[in-house]
Amino acid sequence: MTRTVTPDAISVILANPCLDSSSDLPEIVVQVVDLKPTGNKYMFMASDGKMMVRALLQSTLASQVTSGNIQNLGLIRVLDYTLNDIPTKNEKFLIVSKCEVVSSALEAEYKADVKVEDSGNSLKQNQEMDADVKTESPGIVFKPKQEVVTKSAAQIVHDQHGNTAPAARMAMTRRVHPLVSLNPYQGNWTIKVRVTSKGNMRTYRNARGEGCVFNVELTDEDGTQIQATMFNDAAKKFFDKFQMGKVYYISKGTLKVANKQFKTVQNDYEMTLNENSEVEEASNEATFIPETKFSFTPIDELGPFVNGRELVDVIGVVQSVSPTMSIRRKSNNETIPKRDIVIADETKKTVVVSLWKDLATSVGQELLDMADKSPVVAIKSLKVGEFQGVSLSALSKSIVLVDPDTPEAKKLRSWYDSEGKDTSLAAIGNDSSLSNRNGARSMYTDRVTLSHITSNLSLGEDKPVYFSIKAYVSTIKPDQAMWYRACKTCSKKVTEAVGSGYWCEGCQKNEDGCSLRYIMALKVSDASGEAFVSVFNEQAEKMIGCTADELNEIKLHDGEATYQKKLKEATWVPHLFRVSVAQNEYNNEKRQRITVRAVAPIDYAAESKYLIEEMTKIKVSN
């Protein structure tokens, strides 16, 4: 076999969009140019000295790069690939799913009038250049462009059931497209995927009438996921067909850009299957277990996901694990096991993750047994809630990996062992609800006056709504119960234990000491009116200027006058607040409950800019 670049290799690739073991093509050896990582894959320019095409090494080949086998400026022999068209960029994209190393890095890039392939005319240009080339490598035979027929899911399965020879069956399998290669502009394609989540059949009603819908989450061998949705006739046709954990060939579906508001997987596209789509179970052959892919969100950036549909992946070091608790569901009175774990990451924040059912009794017990070793956990597909500000809850499709062998886990372990275990860690609290997706903070979203909230008593009937306000703290009642005794580990309320110490129901253990955490009501005012709001620990500390333990010390040792003076100093100071508005029932009467979720001092430059923009809007509207 040749150990040099195959002449006109890119021309051969462009003329044959798909390569498999049955393809009658010459050996294809290209040079790897400009190799760089993208997620858990690697991109490069495939070069034959005359032309280049953008290329991607599948995630299964990433270890070849990290181990140093595949190198920038090195040579690889392409054994299996798919060529995609990207019409929006007038460009072709080569996806290499199998290759072998021919040579390590050459001294320089191999060049012979290099042209970057960027349109359909590149092949013609290359053919014109070929007319001037008189020499050819021995054994290299260029064949005219071959028409590659993409088989549908039904055809592939039919051929397999017909006792097709193993080599041919493997060839057909290789024509399957990886999910990462799909885009809305492709025509025929077939994918091989496992059903990793299946939703319930739901009914809906709109202006066009009634209908039904359900969706599934599909994962291919590389771990890439996509959500597929089926409506009406297609939903009825495929609901029983799709079974959790089984592998299917799917073809004749359509793709569109995913609606970020409703997507539950990390993919820019979503799939729709209609009644003409083909779905066939991949039986009588070796199946696969998809690689678990993560897209980690740092703990201090979880705020924007609170009560949203989008799920998150997190990685953290386990700080504590509670015993199993029994929770009774309100919907059907069923009792289910629950276990809470507290994890921390390099942002020096902690968050509570609730595990349910099997996860609580299996992985949860494993974590409890090794909690003293502070294991690293990576958890996929968590729902973000607002209990104690921000909390995480596992779902039936959540995946928990203990001490995974990944770069992220190794980096986190190194941080924790070197400094994290001796660092003061804080609960994420409520203040992260300010964060937007890129980590920046804004208090100018949904800005309203207090009267807008207090005069609209229907706000928050179905679910909490969120607003930003600018107001002053006008009253803090000194005689109210301003704090509670809390567990130092999980921050839940503790009670005095029999004999001595404090009992934590959450951690199911006695502790010698406890901490105090704020929970209070105070009145805030602006130019339009006033309202009582509920405030929790992190926000109260920012407004009062000390912790609950420190304020208690002032009250006990410095006297009532000093205590009340400290509270008075916190009043009539302007703040920006992010609040939630919900409906509570008290004595069969619905009442509005306003809770401070975040607080920040006035940034007068930003505030002035905001006011100028508001005045401009008023001027334009008039």
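## Salt bridges, ring pairs and a one-sided helix

The side chains of K380 and D313 form a salt bridge, with N and O 3.3 Å apart. K380 belongs to strand β20 and D313 to strand β16, so this contact ties together parts of the chain that are 67 residues apart in sequence. The model in which this pair is found is a predicted one. Are the two partners buried or exposed? K380 has a relative accessibility of 9% and therefore counts as buried, the limit being under 20%. D313, at 5% relative accessibility, counts as buried too.

K380 has a further partner, an aromatic ring. It lies over the face of F294, at 6.0 Å from the ring centre. Another arrangement of this kind involves K555, whose charged end sits over the ring of Y563, 4.9 Å from the centre of that ring.

The structure holds 19 salt bridges, among them the K380–D313 pair. Another joins the side chains of D340 and K338, with an N to O distance of 3.8 Å. Both D340 and K338 are buried. A contrasting case is the salt bridge between K410 and D405, where the closest N and O atoms are 3.1 Å apart. Here both K410 and D405 are exposed. Salt bridges also link E27, R77 and E100 in a network.

K410 leads to helix α9, which runs over residues 407-418. The helix has twelve residues and reaches 16 Å from its first C-alpha to its last, close to the 16 Å expected at 1.5 Å a residue. Which residues of α9 are buried? They are A409, L412, W415 and Y416. These residues cover an arc of only 130° around the axis, and therefore they lie on the same side of α9. An α-helix has 3.6 residues a turn, so residues three or four places apart point the same way. On the other side of α9, P407, K410, K411 and S418 are exposed.

What do the buried residues of α9 pack against? They pack against three strands: β16 (312-321), β18 (335-344) and β20 (376-385). Two of these strands have already appeared, since β20 holds K380 and β16 holds D313. The helix thus has one side with buried residues, which pack against β16, β18 and β20, and another side with exposed residues, including K410.

Aromatic rings give a second set of side-chain contacts. A search of the whole structure finds seven aromatic pairs. A pair of aromatic rings is described by the distance of the centres and the angle of the planes. For F214 and F239, the ring centres are 5.0 Å apart and the planes stand at 80°, so the pair is edge-to-face. This pair links distant parts of the chain: F214 is in strand β10 (residues 209-219), while F239 is in the loop between α6 (232-238) and β12 (247-251), 25 residues apart. F214 is buried, with a relative accessible area of 0%, whereas F239, at 23% relative accessibility, counts as partly exposed.

The rings of F242 and Y248 also form a pair, with centres 5.2 Å apart and planes at 70°, so this pair is edge-to-face as well. F242 counts as buried at 0% relative accessibility, and Y248 is buried with a relative accessible area of 1%. F242 and Y248 form one aromatic cluster together with F238.

Two residues in strands complete the tour. I226 lies in strand β11 (residues 225-231) and, at 1% relative accessibility, counts as buried. Its C-alpha atom is separated by 7.6 Å from that of L179, although I226 and L179 are 47 residues apart along the chain. Leaving aside residues up to four places away in sequence, I226 touches L179, V216, E217, L218, L255, V265, N267, Y269, E270 and M271.

S515 is placed in strand β28 (residues 515-526). At 17% relative accessibility, S515 counts as buried, because the limit for buried is under 20%. With residues up to four places away in sequence again left out, S515 touches Y484, R485, A486, C487, K488 and D549.

Notes:
Residues are numbered from 1 along each chain as its sequence is written. Side-chain values use heavy atoms; hydrogens and water are left out. Rings of Phe, Tyr and Trp (its six-membered ring) pair if their centres lie within 6.5 Å; planes under 30 degrees apart count as stacked, over 60 as edge-to-face and the rest as tilted. Helices (H or I, at least four residues) and strands (E, at least two) are DSSP runs, numbered from the N terminus. Buried means under 20% relative accessible area, exposed over 50%, partly exposed in between (1.4 Å probe, protein chains only). A charge sits over a ring if NZ of Lys or CZ of Arg is within 6 Å of the ring centre and within 35 degrees of the ring normal. The expected span of a helix is 1.5 Å times one less than its number of residues. The arc is that of the directions from the helix axis to the C-beta atoms. Contact means heavy atoms within 4.5 Å. A salt bridge is a side-chain nitrogen of Lys or Arg within 4 Å of a carboxyl oxygen of Asp or Glu.
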